Amino acid sequence: MSTLSDLRRHLAATAFLACITNDVVRARRIAKGLDAMAPGSRECVIAYAFADLTAGDIEAALERLRPLADANDAYGMAFQALALEVAGRFSESSTVLGRVPGGDPGLDGLLSALGKAVPAHTAERSI
């Protein structure tokens, strides 16, 4: 059985998929639904930030992500670093990446793509 947080994560992923197809309107609708479901949640913020980045409004994405990153939320920091990379602000991105707390296997792929060394996990993963 899925939990409410699982549902929020799936909706945020759906907003991301809408962005991949350049459907900013649909991504913003999904983010708006997330905001109604869980106002200010990590997933809501990230869904809106994806839509902002897709629309080319990097500063809006950074403004949305700042509170999460300032609260040392690993996902907020990782996506803030991504937005900084998109903006060409590589040194700021590196600074943020250096502060991202480790130990979250869900972030490994994103952090690797952004150039942060990700330690190997000792636990085996099923494929």
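Asn 22 sits in the loop between helix 1 and helix 2 of this predicted model. What makes the residue worth a look is its backbone: Asn 22 has a positive phi of about 65°, even though it is not a glycine. Most residues other than glycine have a negative phi. As for its surroundings, Asn 22 is exposed, with a relative accessible area of 55%. A second asparagine tells a similar story. Asn 72 has a positive phi of about 60°, and it is not a glycine either. This residue is placed in the loop between helix 4 and helix 5. Asn 72 counts as partly exposed, because its relative accessibility is 47% and the exposed class starts over 50%.

Next comes the inside of the fold. The largest nonpolar core has 38 residues, and Ile 46 and Leu 65 are the ones with the most contacts inside it. Six helices each supply at least two residues of this core: helix 1 (4-20), helix 2 (24-37), helix 3 (42-54), helix 4 (58-70), helix 5 (74-86) and helix 6 (90-99). Helix 3 gives the most, with nine residues. Leu 65 is a handy residue to click on here. Leaving aside neighbours within four places in sequence, Leu 65 is in contact with Val 45, Ile 46 and Ala 49, and also with Gly 76, Phe 79, Gln 80 and Ala 83.

Aromatic rings come up next. A pair of rings is described by the distance of the centres and the angle of the planes. The structure holds two aromatic pairs. In one of them, Phe 16 and Phe 50 are tilted, at 4.9 Å centre to centre and with 50° between the planes. This pair links distant parts of the chain, since Phe 16 is in helix 1 and Phe 50 is in helix 3, 34 residues apart. The two partners differ in cover: Phe 16 is partly exposed, with a relative accessible area of 37%, while Phe 50 counts as buried at 12% relative accessibility. Phe 50 also pairs with Phe 79, with ring centres 5.3 Å apart and planes at 85°, so this pair is edge-to-face. Here too, distant parts of the chain are linked, with Phe 50 in helix 3 and Phe 79 in helix 5, 29 residues apart. Phe 79 counts as buried, at 16% relative accessibility. Put together, the ring pairs link Phe 16, Phe 50 and Phe 79 into a cluster.

Now for the charged side chains. Side chains of opposite charge can pair when their charged atoms come close. The count here comes to nine salt bridges. One of them joins the side chains of Asp 6 and Arg 9, at 2.1 Å from N to O. Asp 6 and Arg 9 are three residues apart in helix 1, so about one helical turn separates them. Both ends are partly exposed: Asp 6 has a relative accessible area of 21%, and Arg 9 has one of 44%.

Other salt bridges reach further along the chain. Asp 52 forms one with Arg 64, and the closest N and O atoms are 2.5 Å apart. Asp 52 lies in helix 3 and Arg 64 in helix 4, so the pair ties together parts that are twelve residues apart in sequence. Asp 52 is buried, with a relative accessible area of just 2%, whereas Arg 64 is partly exposed at 31%. Arg 28 joins in as well: Arg 28, Asp 52 and Arg 64 are linked in a network of salt bridges.

Glu 59 and Arg 89 make another salt bridge through their side chains, at 2.9 Å from N to O. Glu 59 lies in helix 4 and Arg 89 in the loop between helix 5 and helix 6, so this pair ties together parts that are 30 residues apart in sequence. Glu 59 counts as partly exposed at 47% relative accessibility, and Arg 89 is partly exposed too, with a relative accessible area of 26%.

Two last details concern the outside of the model and helix 6. Leu 4, Leu 7 and Met 37 make a nonpolar surface patch of about 250 Å². Of these residues, Leu 4 is found in helix 1. Over in helix 6 lies Ser 91, which counts as exposed at 58% relative accessibility. The C-alpha atoms of Ser 91 and Ala 81 are separated by 9.8 Å, and these residues are ten apart along the chain.

Conventions: Residues numbered from 1 in each chain as written. Predicted model: local features only at pLDDT ≥ 70, side-chain atom pairs only at ≥ 80, totals over all residues. Heavy atoms only, no water. Core = buried A, V, L, I, M, F, W, Y, C linked by side-chain atoms within 4.5 Å. Buried < 20%, exposed > 50% of the residue type's maximum accessible area, 1.4 Å probe, protein only. Helix = DSSP H or I, 4+ residues; strand = E, 2+ residues; numbered from the N terminus. Contact = heavy atoms within 4.5 Å. Patch = residues over 30% accessible without salt bridge, like charges linked within 9 Å, V, L, I, M, F, W, Y side chains within 5 Å. Areas by Shrake-Rupley, 256 points an atom, 1.4 Å probe, with all protein chains shown as cover. Salt bridge = Lys/Arg side-chain N within 4 Å of Asp/Glu carboxyl O. Phe/Tyr/Trp six-rings, centres within 6.5 Å; stacked < 30°, edge-to-face > 60°.
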